[in-house]
Amino acid sequence: MMNASKTRSVAVSFFALFATAAAALPASQANVHMVTGNVTSQPIGHYEFCQRYADECNIRLPSSLPAKVTEFGWDMIHQVNASVNGRIKAKTDAELYGREEFWAYPVDAGDCEDYALEKRKELSDKGFSLADLLITVVRKPDGEGHAVLTVRTSDGDFVLDNLNNDVKLWTETSYTFLKRQASFSTGRWVTIEDGREVVVGALR
């Protein structure tokens with residue numbers, strides 16, 4: 001991962017100035033950003049991941065509005081999503097590690113949260129702020145738990161999903177959104193409005 005000074009310099013080429021306050025958004029765009037609530041529990045897999053990668057989970061981030069992403073930045077988001085989806089084979093934690101809920105950076109195979117971790121890392125390495133790269137727990141229409149990466153932008157919160165190469169606005173997915181990493185701390189999680197607790201299993 002790039003050091004802080006290099007990350008800042010690279011990010012300048014990817015992003016324009018931050019968007020104006022959310023209140024300035026047209027009423028029709030009021031739901032493009034998730035409404036988050038209180039700090040809540042980490043998924044057990046992320047808690048154990050943080051025991052192994054403590055430095056990655058102790059990063060405090062200043063409060064900020066989501067960045068405005070340039071055309072070049074959007075190209076990178078789409079490329080990373082498709083690239084990770086294409087080169088990582090979907091396998092359950094039970095198949096890979098002989099146990100459930102083992103979150104890890106994938107080498108050539110992984111399940112939903114492993115895809116999300118890898119996309120988050122690759123976009124961070126390219127200069128995106130960790131405050132805008134948030135692993136998110138959702139419920140699929142069939143009721144099963146699932147994990148995706150949410151990218152916060154001034155245009156809304158977008159979902160990078162291992163089940164789909166399209167990068168979609170969160171409201172355009174069929175998921176129920178439950179909780180996600182906090183934008184102010186890499187080791188904290190917050191509820192999403194109307195969300196409920198769910199166990200994220202080893203899902204494809």
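What span should the 14 residues of helix α5 (residues 112-125) cover at 1.5 Å a residue, and how far apart are its end C-alpha atoms? The expected span is 20 Å, and the end C-alpha atoms are 20 Å apart, which agrees. The model examined here is predicted.

The protein holds 5 helices and 9 strands. From the N terminus, the elements follow the order α-β-α-α-β-α-β-α-β-β-β-β-β-β. Of the 204 residues, 50% are buried. Contacts between residues at least 6 apart in sequence were also examined; 66% of them join residues at least 24 apart. The exposed surface of the protein comes to about 9900 Å². Carbon and sulfur atoms supply 53% of that surface.

Helix α5 is largely enclosed by the rest of the structure, because 12 of its 14 residues are buried. The buried residues begin with a run from the start of the helix: Cys112, Glu113, Asp114, Tyr115, Ala116, Leu117, Glu118, Lys119 and Arg120 are among them. Glu122, Leu123 and Ser124 are buried as well. Just after α5 comes Gly127, with a positive phi of about 115°.

Strand β4 (residues 133-139) is likewise a buried element. In β4, 7 of the 7 residues are buried, so the strand is largely enclosed by the rest of the structure. Both of its faces are covered. One side carries Leu133, Ile135, Val137 and Arg139. The other carries Leu134, Thr136 and Val138.

Two strands pair with β4. Strand β5 (residues 145-153) pairs with β4 in the antiparallel sense over 7 bridges. Within this pairing, Ile135 stands opposite Leu149 of β5. The two strands form a hairpin, with 5 residues between them. In the turn, Gly143 has a positive phi of about 95°. Strand β8 (residues 176-182) also runs antiparallel to β4, and 4 bridges join the two. Here Val137 stands opposite Lys179 of β8.

Arg139 lies in β4. Is this arginine, Arg139, buried or exposed? Its relative accessible area is 16%. The cut-off for a buried residue is under 20%, so Arg139 counts as buried. Arg139 and Tyr175 are 36 residues apart along the chain. Their C-alpha atoms are nevertheless separated by 5.6 Å.

Terms used. Residues are numbered from 1 along each chain as its sequence is written. This is a predicted model: local features need pLDDT of at least 70, side-chain atom pairs count only at pLDDT 80 or more; totals for chains, interfaces and linings use all residues. Side-chain values use heavy atoms; hydrogens and water are left out. Buried means under 20% relative accessible area, exposed over 50%, partly exposed in between (1.4 Å probe, protein chains only). The expected span of a helix is 1.5 Å times one less than its number of residues. Contact means heavy atoms within 4.5 Å. Accessible areas come from the Shrake-Rupley method with a 1.4 Å probe; for residues, only the protein chains shown count as cover. Two strands pair if DSSP finds at least two bridges between them.
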